[in-house]
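Please work through the following exercises with the sequence and the 3D structure at hand. Each task is followed by a solution in steps.

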Amino acid sequence: MSRQGPQLIGDDARRFWALTWTLALTDWKLRFYGSALGYVWTLARPFAFFGVIYVVFTEIAKIGDDIPNYGVYVLFSMVVFQFFGEATGSAVTSLVARENLLRKMRFPRLVIPLSTVLTAMMNLGMTLIAVFLFAIGSGVYPDWGWLELIPLIGLVAVLATGTGMLLAPLYIRYRDVQPVWDVATQILFYASPILYVATMVPEDYQKAYMFNPLASVLTQLRHAVVDPAAPTAATVIGGGAWLLIPLAITAFVFLLGSWYFTREAPRIAENL
Amino acid sequence: MSTGPAITVAEVSKTFRLPRQRYSTLKERALHPLRSRAVDELRALDDVSITIPRGEFFGIVGRNGSGKSTLLKCLAGIYDADHGTIAVDGKLSPFIELGVGFNLDLTARDNVLINAILLGLSRREARERFDEIIAFAELEEFLDLKLKNYSSGMHVRLAFAVATQADADVLLIDEVLAVGDAAFQQKCFEQFRTLREAGRTIVLVTHDMQAVERFCDRAMLIERGRVLEVGDPHAIARAYNEINFGHLAHNSPDGARYGDHTAAEITAAWFEDAAGERVEALAQGEPLRIAIEVRFHEALDEPIFGLTLRNQDGHSIFSTRTDYRGVSTGRYEAGAVMTMRVSLDNWLAPSTYRLTPSIARAGAGSDALDLREDLAWLTVHGTGNSGGVFDAPHEIEIDRR
């Protein structure tokens with residue numbers, strides 16, 4: 001005998017995962033459907049943007065000249081940021097986009113924002129294959145440090161999931177959450193070391209700058225994957241203990257998102 | 001398996017708070033923080049209690065906005081009830097509508113697998129049952145067609161085939177039988193019977209009274225969020241039609257009555273089938289007899305008997321009178337009782353018909369002695385609905401040049 005009511009996670013972990021995976025995979029497949037060049041198109045956006053950035057910053061602004069493997073770094077950081085932007089951007093509208101499912105089917109509500117993050121992760125995986133090839137072609141060879149990509153991307157995924165859980169129910173109430181978040185993403189793009197590297201930030205601000213979880217993640221990524229000679233995130237922020245702050249911010253966003261989503265979950269279907 | 005009821009709903013209430021302005025924005029909140037955020041409260045369910053035993057086919061009927069779908073969504077766990085408790089014993093099918101989660105850009109093959117997983121099957125179970133599902137839907141030839149190229153009938157067949165594969169003990173269904181051709185509807189009916197024999201409980205929300213009378217063991221009539229009546233599906237269908245036509249005002253199952261009925265009165269009216277049994281429902285195409293019983297209080301010469309059948313929309317579909325047909329009715333003494341029968345082949349379209357019999361004195365322009373509106377009801381069921389008001393037997397010839 002079970003009491004009825006909308007579920008957040010549900011009582012069946014296997015079903016929860018099967019649903020999340022199925023929805024994510026369906027969305028992901030749909031991108032490739034109906035176009036033979038599907039995979040190429042998903043690469044077109046980051047690589048075209050990367051091409052422009054690379055030309056501008058190495059030939060015109062000449063920022064990249066002093067940075068070893070600048071091109072590889074820009075490509076990695078752009079792809080990781082694009083993952084964050086895509087995951088949060090599609091999570092914002094995810095509940096509204098899945099209105100039909102939410103209003104007509106009983107299933108754990110959390111599946112929806114999670115599956116959008118998962119779809120973005122699948123796209124990231126596909127893009128990374130091309131990025132790895134580019135890195136190897138540019139003379140950056142894989143080593144054990146590349147394994148750090150897994151926890152680093154994991155942290156970005158946690159941050160994206162927290163943000164998604166916060167924004168998705170908010171968007172049901174306030175439709176201007178989406179344009180606001182678009183602007184916020186833009187700001188975050190320039191506030192993170194993507195086109196430049198963290199060590200170029202004036203020293204006075206460096207510590208505060210690194211409190212941005214994405215800045216810490218990308219700086220560590222540069223050390224681990226692109227250039228072992230580059231400083232680690234711990235060095236730039238001024239001691240490993242300081243890294244607890246970006247970690248705490250990530251955890252806070254995740255917990256805030258979980259709390260808000262849990263609070264709103266029972267009424268999502270009726271407010272849509 | 002326990003033997004308790006499958007579904008227990010106890011004193012459930014649900015109120016929707018509808019903001020007057022649907023989509024607000026953060027900007028508005030920031031610029032006008034003091035503006036009252038007025039909400040309209042809509043009481044969708046008010047103290048609803050119902051117990052549905054295991055293995056029952058239960059109908060929930062009501063007009064638009066009566067709260068029937070809200071109740072179903074509360075049962076399904078899509079909405080949260082404000083008060084009261086809902087308990088479901090057994091596994092509940094997660095869909096309340098067919099074809100939820102179908103993606104038009106994917107092929108039927110992909111959609112079946114995805115839908116089966118949404119229903120709670122594992123990937124392996126979904127693959128194992130795939131052939132069975134497709135065979136039931138009779139869509140073997142169209143497996144690799146994208147769903148957007150499917151006709152609506154094919155769409156429903158596929159959806160129904162997947163939905164009934166769920167290993168659910170309790171199925172909740174919102175309006176399904178409206179689509180699909182006659183043969184497939186028959187198949188759905190059989191599938192329902194199979195599910196019921198397997199001990200499944202089915203809750204159907206509809207405003208199709210034919211479906212209620214045909215399938216349901218019991219039904220519930222809901223109006224403005226309150227339970228008006230629970231019981232036999234025929235009685236519920238009748239009560240539904242009454243509130244739909246506004247006859248509940250005088251709270252009597254019978255309609256208005258005209259004439260002073262002192263000289264003669266209509267004491268009863270009913271429908272009979274070919275065997276002379278009284279019926280309230282009859283299949284299309286069967287011989288139908290309409291009977292009127294009259295008691296005379298005065299002696300009368302050549303009284304006129306008449307009757308009119310009206311459908312659910314209130315249109316007169318069939319009407320006849322003894323004088324128009326040139327039938328001599330004879331002389332009746334005070335105290336006499338007679339029965340008039342009108343026989344016809346029932347080519348009425350599926351609907352519920354109300355019979356209004358009348359008697360009048362001989363002579364043009366005379367007032368009715370007794371006219372009783374909606375004295376008897378007949379539901380005509382058929383396998384298809386042409387949309388017309390009657391379905392004459394007919395042939396179609398095609399002459400190709």
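The exercises below treat one chain, one helix, a core, one residue and an interface.

This is a predicted model, in which local features need pLDDT of at least 70, side-chain atom pairs count only at pLDDT 80 or more, and totals for chains, interfaces and linings use all residues. Residues are numbered from 1 along each chain as its sequence is written, while chains are lettered from A and ligands numbered from 1 in the order in which they are written.

**Exercise 1.** Describe the make-up and overall dimensions of chain A.

Solution. Begin with the elements, which are DSSP runs numbered from the N terminus: helices (H or I) of at least four residues and strands (E) of at least two. Chain A has 12 helices and one strand. Next, consider its extent: the radius of gyration, taken over C-alpha atoms, is 20 Å for chain A, close to the 19 Å that the globule rule gives for 272 residues, so the chain is as compact as a globular protein of that length. That rule is 2.2 Å times the number of residues to the power 0.38. Finally, the C-alpha atoms of chain A fill a box of roughly 65 × 45 × 35 Å along the principal axes.

**Exercise 2.** Determine the span, bend and burial of α3(A).

Solution. First, the 28 residues of α3(A) reach 39 Å from first C-alpha to last, close to the expected 40 Å; the expected span is 1.5 Å times one less than the number of residues. Second, a kink of about 35° is centred on Ala91(A), the bend being the angle between axes fitted to the seven residues ending there and the seven starting there. Third, 23 of the 28 residues of α3(A) are buried, that is, 20 or more other C-beta atoms, placed from the backbone, lie within 10 Å of their own.

**Exercise 3.** Identify the residues with the most contacts inside the largest nonpolar core.

Solution. A nonpolar core joins buried Ala, Val, Leu, Ile, Met, Phe, Trp, Tyr and Cys residues through C-beta atoms within 7 Å. The largest has 145 residues, and Phe76(A), Val80(A) and Val203(B) have the most contacts inside it. Helix α3 of chain A gives the most to this core, with 16 residues.

**Exercise 4.** Is Glu97(B) buried or exposed?

Solution. Glu97(B) counts as buried because it has 20 C-beta neighbours inside 10 Å. The residue is found in the loop between β4 and α3 of chain B.

**Exercise 5.** How many residues does each chain give to the contact?

Solution. Contact requires C-beta atoms, placed from the backbone, within 7 Å. Chain B gives 32 residues and chain A gives 31. On the side of chain B, β4(B) gives the most, with four residues.

Technical notes:
A residue is buried if 20 or more other C-beta atoms lie within 10 Å of its own, exposed if 12 or fewer, and partly exposed in between; C-beta atoms are placed from the backbone. Two residues are in contact if their C-beta atoms, placed from the backbone, lie within 7 Å.
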